[in-house]
Amino acid sequence: MEQGSILVTGGAGYIGSHAVRQLVRAGYDVIVIDNLTTGHLNAVDKGARFIFGDVRDLNLLDAVFRKNHIVGVMQFAGKIIVPESVSNPLTYYDDNFTAVLSILRAMRTYGCKNIVFSSTAAVYGTSKEPAITENAPLNPESPYGFSKRAAERLICDCEKAYGIKHCIFRYFNVAGASEDSSIGEAHPVETHIIPVTINAAISGREMQIFGNDYDTRDGTNLRDYIHVLDLADAHVLGMKMLLDGKDSAIINLGSDKGYTNLEIVNTVSEVVGIPVHWKYGPRRAGDADSIVASNALAKQLLGWEPKRDLKQMITDDYNWRNSHPSLYGRNKATFTREDRQNMIFVSKSQSTTALYEDIENKDRQHEERLRKLNKIN
Ligand SMILES: NC(=O)c1ccc[n+]([C@@H]2O[C@H](COP(=O)([O-])OP(=O)(O)OC[C@H]3O[C@@H](n4cnc5c(N)ncnc54)[C@H](O)[C@@H]3O)[C@@H](O)[C@H]2O)c1
């Protein structure tokens, strides 16, 4: 396996921070880039180097790739709220697509050949399959889903053109926290049902279950849930697969089984030992009856299967929330002296960088090659 560093974008976020921790534990040298828009500095493992910045910033990427031998990138940076993507598609395409474009440009310039990418079940849209396989039709139904699908397509095109290999993971619903309760889910706006239900249990506030006339065993939506640590393990295996020289792949990460919203609420009450106050609300536009992943390909290619069940996800999320009433607490963008010792600061004063010049040269050379091969006029 080639020696070098792994760059994790969005490594201060919910899933990224768990993956960073697993990578560090597995012995990788890890560099994190995060702009802390929804991430938290305290979530980043102290064994990783942290760079405060935006992954769309080509100057920053140039400096990071020039100074480090980066052999692989894990791209978590992005935005995740579906309704927000409907009201603000420009931001979603920018964060979920432009960010990937910038990373791939830097990877191409500096010869980095491996990317593990966070995609989503939202690329499938509504599927009729009882367990969705990777070959199911792709019909995203929101700008969020389209932005991820567009990024997937770009990544696949970059393999054909530049030999950059990929492991694209399509996640289903992620939940849970680290086993020691030190890191967990802390989105500024929490829309995921497990943390919403646990927050309702802790606070005593009433929550809503949206719709009770779906075609499922109890009329409420049925979804597939996966523990964030299982997901992080899969990322380490995905990166290893690429570094070991294996082929690119697009892989679902789910559990092969589903739970209804009502079952989630009842299981939270049971596990936490506090009754959850809830009522039925109206259906939400675009919610499919059931969404369950087939995870056969993950088993076959990575030897991976989820080890932690729904009760474990709920227990871990509850312990994290209960032990961190204000989650990560302090203002995210202020850094203490200790924080600064662990951070790398990158000068952004250069107006023209190697990366920009290299992009133009490489694009010109590539065009000439294609012209010689009569692929373009
Ligand atoms: N959470 C889920 O259930 C879920 C499901 C499917 C897919 N995903 C995907 O997984 C990825 C991570 O999700 P998450 O739940 O950890 O979200 P998150 O919001 O907790 O993490 C995203 C991180 O990226 C950072 N970031 C965003 N834009 C950036 C930029 N331009 N430059 C640098 N950093 C930037 C944020 O500060 C944050 O730390 C996302 O791409 C998301 O689409 C998540």
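At what angle do the axes of helix α1 and helix α7 cross? In this predicted model, the answer is roughly 55°, and the two axes come within 8 Å. Helix α1 covers residues 14–25 and helix α7 covers residues 228–243. That angle makes α1 oblique to α7. The crossing of α1 past α7 is right-handed.

Both helices bring several residues to the contact. From α1 come Y14, I15, H18, A19, Q22 and L23. From α7 come V228, L229, L231, A232, D233, H235 and V236. By class, the residues of this contact are nine nonpolar, three polar and one charged.

Helix α1 also appears around the ligand. The shell there holds 30 residues. G10, G13, T38, G39 and G78 are the closest. The largest share of the shell, three residues, comes from α1. The elements below each supply at least two shell residues.

| Element | Residues |
|---|---|
| β2 | 29–34 |
| α4 | 89–110 |
| β5 | 114–120 |
| β7 | 173–175 |

The shell divides into 12 nonpolar, 14 polar and four charged residues.

Next, a sheet. Three strands form an open sheet in the order β12-β9-β14, and their pairing is mixed. Which strands stand at the edges? They are β12 (259–260) and β14 (290–291). Each has a single partner strand, so one side of each is left without a neighbour in the sheet. Strand β9, residues 222–223, pairs with β14 in the parallel sense over two bridges. Within β14, S290 stands opposite L222.

Key:
Residues numbered from 1 in each chain as written. Predicted model: local features only at pLDDT ≥ 70, side-chain atom pairs only at ≥ 80, totals over all residues. Axes fitted to C-alpha atoms, helices over the stretch in contact; angles between N-to-C directions. Helix = DSSP H or I, 4+ residues; strand = E, 2+ residues; numbered from the N terminus. Parallel < 35°, antiparallel > 145°, perpendicular 65-115°, else oblique. Left-handed = near helix turned anticlockwise from the far one by under 90°. Contact = placed C-beta atoms within 7 Å. Nonpolar A, V, L, I, M, F, W, Y, C, P; charged D, E, K, R; others polar. Pairing = 2+ DSSP bridges. Near = placed C-beta within 6 Å.
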